[in-house]
Amino acid sequence: MGGHLNINHLLFLGHGALWTIGLSLIALIGGGIAGFVIALARVSPLRSVRLLSAAYVQLIQGTPLLVILFLGYFGLAAIGLKMSPLAAAGASLTLYVSAYLGEIWRGSIQSVPKPQWEAAEGLALSRTQRMLKVILPQAIRIATPPTVGFMVQIIKNTSLASVVGFVELMRSGQIVNNSLFEPFIVYAIIAAVYFAMCYPLSLFSQKLERRMGRGRVNNLAPA
Amino acid sequence: MQQTASSTPIVSLRDVQKSFGSLKVLDGVSFAVERGEVLAIIGRSGSGKSTALRCIDRFEKVDGGEIVVCGRRVDLPDIDLRALRQDVGIVFQSYNLFPHLTIEQNITLAPCSVKRMGLSEAKALARKVLAQVGLEEKIHAYPEQLSGGQQQRAAIARSLAMQPKVMLFDEVTSALDPELTGEVLKVIEQLAADGMTMVMVTHEMGFARSIADRIVFMHRGKVHETGPASILTAPTTPELVQFVGTGNLKS
C-alpha cells in the first residue's frame, strides 16, 4: 500500500472526470426534457395539471438529492427493481434537475410581459401558436443565463452519485486516496478539476446576464 | 340613444355589466357602432372606457348584458374567440410589438399562421400595410430600433394585415409625446377616411372632435352623454361640461 501519485492515478481521475461530464449531460438532457414539460404544465390553462406539476416540484425540491439517490439505488433494489449505479444516478439527477429547471423556465415564461400574450391573442393566434411563436422565443432569452448558472449546480451535485458506487470524479478520487493515503493532495486535485469545469460556465452565465441587461427591449407600458 | 337605424351595427353593447371584485366598472353600458362609423369613447381615468373597449374583443368577460360583434354574441361562453379576433383588430397603448421579430415578421406572423397565407403573399401584404402607415423603410428593422410613434404605426399595420372589419384603439397615443402623437393620429385619420369602422378610447379631445362621428362620454361606469362630435363644444350634462372644460379641448 502507499506509493506516490503517478500517471496511472491521474488517468484514473481523468476517466472519472469524463464520467462526471457524462452524468452531467445525462442529467441536463433528461432533466431538460422533463423540465420543459413541467414548465409547460405549470402554466397550463387546466387547474388540475397546474396543481399536479406544482406538487411534483414541491416534492422534489423538498427532498435532498442524496435521499433520492438512496431511494433509487438501494430502495428500489429492496423491492425488486435493481438498477445499475449509472441508471440510478441518471434517473435521480433527472428527477432533481427537472424540478429546478421546470421552475426556472416557468418563471421565464411568466416574465414575458402579459401584453405580449394579449397582442398575440388579439391577432387570433391559437394558444399553441402564441406559445411557440411569441412567448417561448422571448422566454428562452430570459431563461438562458439562469439555466447556464444552474448547470454549475448539476456538475457539482453529480459528486453525490459516488455514494451509490458510481465511479465519477469524486468516487475515483476516493479510490485513488484509498491506495495512496494522501487525502490533501488527492482531494485538492479533485477540487481543482471541479473548479475547472464549473468556473468557465459561471463566467459564461455572468456574461450572458450582462448581455441580456444591455439588450433589454422596452416593451412594457410606461408607468 | 340615437342611431342611424338602417343596417345592423357591427358592434353593439346592451346593458353590459362588469365588476372587478367589488368594484363595479361597467354599470349598464349600451352603445352601437355602424359600419364605417368612428366612435370615440372619452372619460376620466377609471370611468370604464378601456374596459368597455376590451369587452368588445373579449379580453374581459362581462357579468351581464349582451355584446354582438360582426353578428357574434361575444358575451356567450361558446364564442369562437379566434374567429372573433380575425374580425376585430386591436391596438394597445403600449404597442406590444413582438421584440424578437422584425417589423415584417411581426406583420406576416398572423396572416401566415392564422390564415395560412403563403409567405410571399404575406410579405407583399406587409409592404402594402406598411406603406399605409408610411413605414416601408423600416420593414427589416426590429421594434427596439423604432421610435414610439413608429412602433405604434407598425402595430397598426400589423393589425391591418388581418383585414379586420372593425378596429379598436385603446389609448394608442397616451404613451407618446405630442410630436409623435401627431404622426399616429394622421394614420388613424387616413384609416377613417378610407371607411374603416373604428372604436377608440382617447384622451385627445381635439382629435376626437375632428374625426369621430359619434362620442360616448363615460362617467362612473355608465354612458353619461352621447351624441355627435358637437357635444364636445356644446355639452349638456354638467359632468361633460366639467370634463371638456378642464383644458382638455385644445385643437
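# Reading the two chains, step by step

Chain A has eight helices and zero strands as its secondary structure. The model discussed here is predicted.

User: How do you know what order the elements of chain A follow from the N terminus on?

Analyst: Reading from the N terminus, the pattern is α-α-α-α-α-α-α-α. That fits with eight helices and zero strands in chain A. As for its extent, the C-alpha trace of chain A spans about 75 × 45 × 25 Å along its principal axes.

User: Why are helix 1 of chain A and helix 7 of chain A called roughly antiparallel to each other?

Analyst: Start with the angle. Helix 1 (residues 7-42) of chain A and helix 7 (residues 169-180) of chain A pack at about 160°, and their axes are 7 Å apart. Angles over 145 degrees count as roughly antiparallel, and therefore that is the word for helix 1 and helix 7 of chain A. Their crossing is right-handed.

User: Which residues make that contact between helix 1 of chain A and helix 7 of chain A?

Analyst: From helix 1 of chain A come His9(A), Phe12(A), Leu13(A), His15(A), Gly16(A), Ala17(A) and Thr20(A), while helix 7 of chain A brings Leu169(A), Arg171(A), Ser172(A), Gly173(A) and Val176(A). Sorted by class, the residues of this contact are five nonpolar, six polar and one charged. Gly counts as polar in this sorting.

User: What makes helix 2 of chain A and helix 4 of chain A oblique to each other?

Analyst: Again, look at the angle. The axes of helix 2 (residues 47-61) of chain A and helix 4 (residues 85-110) of chain A cross at roughly 125° and come within 9 Å. The perpendicular range is 65 to 115 degrees, and roughly antiparallel needs an angle over 145. The value for helix 2 and helix 4 of chain A fits neither, and the pair is therefore oblique. The crossing of helix 2 of chain A with helix 4 of chain A is left-handed.

User: Where do helix 2 of chain A and helix 4 of chain A meet?

Analyst: On helix 2 of chain A the residues are Tyr56(A), Val57(A), Ile60(A) and Gln61(A), and they meet Leu95(A), Tyr96(A), Ala99(A), Gly102(A) and Glu103(A) of helix 4 of chain A. By class, this contact has six nonpolar, two polar and one charged residues.

User: How do you know which parts of chain A to read with care, going by pLDDT?

Analyst: The mean pLDDT of chain A is 92, and 94% of its residues reach 70 or more. Among its elements, helix 2 of chain A has the highest mean pLDDT (97) and helix 8 (residues 183-214) of chain A the lowest (89). Residues 215-223 of chain A, however, stay under 50, with 14 contacts beyond four places in sequence in the model. Where pLDDT is low, the predicted coordinates should not be read in detail.

User: What makes strand 2 and strand 5 of chain B edge strands?

Analyst: In chain B, four strands form an open sheet in the order 2-1-4-5, with antiparallel pairing. Strand 2 (23-33) and strand 5 (72-73) of chain B each have a single partner strand, so one side of each has no neighbour in the sheet.

User: How do you know that strand 1 of chain B pairs with strand 2 of chain B?

Analyst: Pairing needs at least two bridges, and eight bridges join strand 1 (residues 11-20) of chain B to strand 2 of chain B. Val16(B) has Val29(B) as its bridge partner in strand 2 of chain B, and Ser12(B) has Ala32(B). In the hairpin of these strands, with two residues between them, Gly21(B) takes a positive phi near 65°.

User: Why is the sheet with the order 6-7-8-3-9-10 in chain B called mixed rather than antiparallel?

Analyst: The pairing of this open sheet of six strands is mixed. One of its pairs is parallel: strand 7 (residues 166-170) and strand 8 (residues 197-201) of chain B, joined by five bridges. Within strand 8 of chain B, Met200(B) stands opposite Phe169(B).

User: How many residues does each chain bring to the contact between chain B and chain A?

Analyst: Chain B gives 21 residues and chain A gives 21 residues. Helix 3 of chain B gives the most to the side of chain B that touches chain A, with four residues. By class, that side of chain B has eleven nonpolar, six polar and four charged residues.

Key:
Residues numbered from 1 in each chain as written. Chains lettered and ligands numbered in written order. Predicted model: local features only at pLDDT ≥ 70, side-chain atom pairs only at ≥ 80, totals over all residues. Axes fitted to C-alpha atoms, helices over the stretch in contact; angles between N-to-C directions. Parallel < 35°, antiparallel > 145°, perpendicular 65-115°, else oblique. Left-handed = near helix turned anticlockwise from the far one by under 90°. Contact = placed C-beta atoms within 7 Å. pLDDT = per-residue confidence, 0-100.
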